[in-house]
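Student: I am new to this structure and would like a close look at one part of it. Please choose a part and walk me through it slowly.

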Amino acid sequence: MKILITENKRYQLAYKILDDILNGLTREDTDLNIGKDSVFSNHQVSFFDENGEKIMEYQETKGELYVARDFISPLKIFSFDEEEINRLIKWWFTNRVRIEPEDVYLFRDLRD
């Protein structure tokens, strides 16, 4: 059976899936310059799943968002290419977390 989904609906469903995943993650905000002789902030935001695995990490000084590929695996059903995934995640992260990354990078593993 084939189901036709409009482009707009495809994105809406993807955002809903990402929202559902985000609700199950734990957020940790850290200033990496605490204890250093610096008046500047080096804010880092990390998101962990229920197993304590790092799923996403935003680094303020670089403006970069690192995302584990496992995080986006539920989106494979929509056949997005990597460029679409990057745009989708950037828009979604900006609107849901209220931080606008300059770049999005997908990785297999975000362990320290």
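Tutor: Let's begin with what counts as an element: helices (H or I, at least four residues) and strands (E, at least two) are DSSP runs, numbered from the N terminus. This is a predicted model, in which local features need pLDDT of at least 70 and side-chain atom pairs count only at pLDDT 80 or more, while totals for chains, interfaces and linings use all residues. Residues are numbered from 1 along each chain as its sequence is written, and side-chain values use heavy atoms, leaving out hydrogens and water.

Here pLDDT is the predictor's confidence in each residue, from 0 to 100. The chain averages 86, and 88% of the residues score at least 70.

Our part is the sheet, with the helix that packs on it. The sheet is open and has 5 strands in the order β1-β2-β3-β4-β5, with mixed pairing; two strands pair if DSSP finds at least two bridges between them. At its edges are β1 (26-31) and β5 (103-107), each pairing on one side only. From one strand to the next, the twist averages 15°. β1 runs antiparallel to β2 (residues 43-48), with 6 bridges between them, and D29 stands opposite V45 in β2.

Helix α3 (residues 82-97) packs on this sheet, touching β1, β2, β3 (54-59), β4 (64-68) and β5; such contact means heavy atoms within 4.5 Å. The direction of α3 makes about 115° with that of β5. Axes here are lines fitted to C-alpha atoms, for helices over the stretch in contact, and angles run from 0 to 180 degrees between N-to-C directions.

Now look at the loops on either side of α3. S79 is in the loop between α2 (69-72) and α3, and R98 is in the loop between α3 and β5. Most residues other than glycine have a negative phi. S79, however, has a positive phi near 60°, and R98 has a positive phi near 70°. What is the relative accessibility of S79? It is 59%, so S79 counts as exposed; R98 is exposed too, at 66%. Exposed means over 50% relative accessible area, buried under 20%, and partly exposed in between (1.4 Å probe, protein chains only).

Helix α1 (residues 7-23) also meets this part. Its buried residues, among them Y11 and L18, pack against β2, β3, α2 and α3.
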